[in-house]
Amino acid sequence: METKFLTPVGLWKNFNTQLDSAPEISYIDFSKKENYSVTKFYFTPIVEEGGKIRGYVEMYKPHEPTSKSILIVGDTLKNQQEAPYYQFIDRGYTIMFLDLTGRLDNNRVATLYQGDFSFGAFKNAKDLLYTATPSAEVSPYFLWSKICRRFLSFAEKELEIKKPIVIASGAFTPVLWHLGGMDERISGIVSLLGSAFNSRLVRKTELDDNLDRWDTGIAPFSYARLLKCPALIVTASNAPESEHEGAFAIANTIPEGASLSILVSPLLSGQIYHETLDSMARWFDDRFENSVAVPSSPVLEYALNDAMLDVKVKLPEIDKPLIGVDLWYCFNETNPVFRSWAFKGVSPNEEGSFESKINVFPDCQVIYAYATATYENQISLSSPLIKVKIPEDAPRCKQIKSQLIYDNTMDKKFFSITKGLFADTNNLQVLKCPLGIPGVSVKSGELASYVVGEDLRFSIGEALQFNAYSLEDKQFEIFLVREIEENQYAVYSTVCNLLGEEGWQKLTISLGDFRDSEMKPLPSWKKLKMIRFKNAEGILFNNMLWV
């Protein structure tokens with residue numbers, strides 16, 4: 001079978017954005033709410049001799065006339081359950097969900113992939129996401145993008161809805177870059193905790209013809225240079241397949257006239273902070289009300305100087321009052337999931353420039369950093385992530401290692417893990433007990449931190465010790481994640497008990513107290529990556545150290 005390397009232009013040159021035939025609209029349900037109506041229906045975006053696709057759509061339309069619209073593509077049910085998009089209806093937006101999963105389990109209503117198009121259902125497509133053999137034409141991403149482009153034609157003609165902002169999350173985010181690069185009928189693209197730039201993670205060798213074809217015809221990098229609209233990346237600093245990793249290259253690729261904005265929720269991995277919705281909403285409003293996008297994100301410039309990394313934050317030109325600039329940085333950790341971020345506020349110098357310094361410690365090999373600028377109008381913009389390799393012969397700072405892992409003076413080292421896509425910033429609290437002594441706590445979910453992985457600053461002891469306080473008797477679990485081989489991890493756990501009438505209690509835990517699923521003890525305190533406290537709601541923690 002002949003193989004072909006297709007560029008985006010070559011892949012799409014014969015595609016007709018108009019529907020193959022009549023849309024064959026089948027209405028499933030219609031209802032009216034207080035402020036909006038709900039319409040659920042099927043339409044036919046693609047029909048060929050060997051098969052047919054029946055696209056499933058849900059539309060939430062305000063009763064008041066509006067020209068503002070949002071199209072969410074991918075997993076319709078998951079997006080509805082986890083992301084509070086309905087608040088945008090109150091802001092005057094028509095919300096449309098276009099299912100791409102084809103998931104029909106548990107009595108779900110979803111897009112139907114029939115005949116030759118059965119590979120588009122996610123249960124079949126999940127193992128084909130990086131397939132481009134014999135060409136990119138067989139990629140599920142190409143099929144999903146064709147469905148979306150046909151829906152844009154359908155929405156314009158049948159629904160009288162033009163130029164929506166398009167949102168996707170997770171595995172479906174490459175579709176966004178196809179639309180942004182090849183279709184001018186959208187107002188912007190928004191990637192939510194996406195995995196659009198991780199083909200490098202599945203590449204086993206430098207020479208891989210299949211992935212070379214994928215990178216050429218399907219990969220978002222190939223479409224970013226053709227971008228025709230503003231793009232917004234909404235991600236988390238510790239997301240496992242973070243688009244933040246690839247945003248630096250993307251920012252230098254997009255053409256003049258397009259813009260890239262980035263919103264990063266620090267310390268989280270599978271969630272973003274609920275407050276991010278405020279910034280997203282302002283970004284949406286600016287697209288429709290001002291006909292311009294929010295300015296591009298800040299950019300970091302850096303230089304090694306003696307035993308320091310000098311970092312300068314270049315802010316976009318924006319006519320909005322600045323509240324502050326934070327610089328986030330960490331050392332050495334190659335896996336983004338386990339990076340333990342530190343932060344410092346950056347104040348302007350006499351010349352008005354925002355500059356800061358990061359120490360280059362003796363064992364420092366790589367420094368990762370990004371900055372976030374916050375404005376008065378509830379907009380936050382983050383810079384692309386930079387990765388600075390430190391030469392072996394570079395000057396180093398002196399460092400005195402400590403046994404202290406955490407106390408309440410170390411702000412933003414812990415975070416909470418809860419269910420759902422959006423995390424509540426206020427779920428993590430620093431509270432004072434009746435004795436007036438503060439400790440970190442969560443109202444719900446798990447308390448977690450990557451701080452145990454900061455080998456650069458620790459003098460590791462023989463046992464782990466911390467103080468805990470509870471008003472009532474409590475039993476909780478501690479989980480430690482340890483790297484056993486490169487990019488392979490094991491989880492060890494132990495159970496602790498607190499007496500509510502004892503005030504602050506000092507707990508000391510040894511290696512033998514932690515066991516994995518096979519009851520093997522934790523072999524060493526080295527190569528720890530993460531600590532989690534489960535069933536610890538309402539417990540205050542402080543003074544964690546090696547002893």
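The score called pLDDT is the predictor's confidence in each residue, from 0 to 100. The structure in the viewer is a predicted model, so a tour may suitably begin with this score.

**Confidence**

Colour the protein chain by pLDDT. The chain averages 89, and 95% of the residues score at least 70. Select residues 199-202 next: this is helix α7, where confidence is lowest, at a mean of 51. Then select residues 140-159, helix α5, where confidence is highest, at 97. Where pLDDT is low, the predicted coordinates should not be read in detail.

**The sheet of five strands**

Display strands β21, β25, β30, β27 and β28 as a cartoon. In that order they form an open sheet of 5 strands with antiparallel pairing. The edge strands are β21 and β28, each of which pairs on one side only. On average, neighbouring strands of this sheet are turned by 25 degrees against each other, direction ignored.

Begin at the edge with β21, residues 414-417. This strand and β25 pair in the antiparallel sense over 4 bridges. Select F414 to see one such position: its bridge partner in β25 is S449.

Move to β25 itself, residues 446-449, and show the side chains. In a regular strand the side chains alternate between the two faces of the sheet. Here E446 and A448 point one way from β25, while L447 and S449 point the other way. Are these four residues buried or exposed? All of them are buried.

The next strand is β30, residues 528-534, which is joined to β25 by 3 bridges and runs antiparallel to that strand. Select L447 together with F533, since L447 stands opposite F533 in β30. F533 may be kept on display, as F533 is also the bridge partner of I478 in the pairing of β27 with β30. The strands β27 and β30 run antiparallel and are joined by 6 bridges.

Now select residues 474-485 and 488-498. These are β27 and β28, which run antiparallel and are joined by 11 bridges. Which residue of β28 is the bridge partner of F479? The partner is S493. Further along the pair, E483 stands opposite Y489 in β28. The two strands form a hairpin with 2 residues between them, and N487 takes a positive phi near 60 degrees there.

**Two cysteines**

Select C433 and C496 and show the sulfur atoms. How many disulfides does the structure contain? The count comes to 0. A disulfide requires two cysteine sulfur atoms within 2.5 Å. The sulfur of C433 is 19 Å from the closest cysteine sulfur, in C496, and is therefore too far for a bond. C496 is likewise in no disulfide, with the sulfur of C433 as its nearest cysteine sulfur. C433 counts as buried because its relative accessibility is 6%, under the limit of 20%. C496 also counts as buried, at 8% relative accessibility.

**A buried glutamate**

Select E333 and show its surroundings. E333 is found in the loop between β14 (322-331) and β15 (342-346). With a relative accessible area of 11%, E333 is buried. Setting aside residues up to four places away in sequence, E333 touches F338, R339, Y368 and K529. Which side chain makes a polar contact with the side chain of E333? It is that of K529, at 2.6 Å.

**The sheet of three strands**

Select β12, β13 and β16. They form an open sheet of 3 strands in the order β12-β13-β16, with antiparallel pairing. The edge strands are β12 (299-305) and β16 (354-359), and each pairs on one side only. Neighbouring strands of this sheet are turned by 25 degrees against each other on average, direction ignored. Strand β13, residues 308-314, runs antiparallel to β12, and 7 bridges join the two. To see one bridge, select E301 and its partner in β13, K312.

**A final distance**

Lastly, select D278 in helix α11, residues 276-289. D278 is partly exposed, with a relative accessible area of 32%. Draw a line from its C-alpha to that of Y492: the two residues are 214 residues apart in sequence and 38 Å apart in space.

Terms used: Residues are numbered from 1 along each chain as its sequence is written. This is a predicted model: local features need pLDDT of at least 70, side-chain atom pairs count only at pLDDT 80 or more; totals for chains, interfaces and linings use all residues. Side-chain values use heavy atoms; hydrogens and water are left out. Buried means under 20% relative accessible area, exposed over 50%, partly exposed in between (1.4 Å probe, protein chains only). A polar contact is a pair of N or O atoms within 3.5 Å; within protein, one must be able to donate a hydrogen and the other to accept it, and residues adjacent in sequence count only if both atoms are side-chain atoms. Contact means heavy atoms within 4.5 Å. Two strands pair if DSSP finds at least two bridges between them. Axes are lines fitted to C-alpha atoms, for helices over the stretch in contact, and angles run from 0 to 180 degrees between N-to-C directions.
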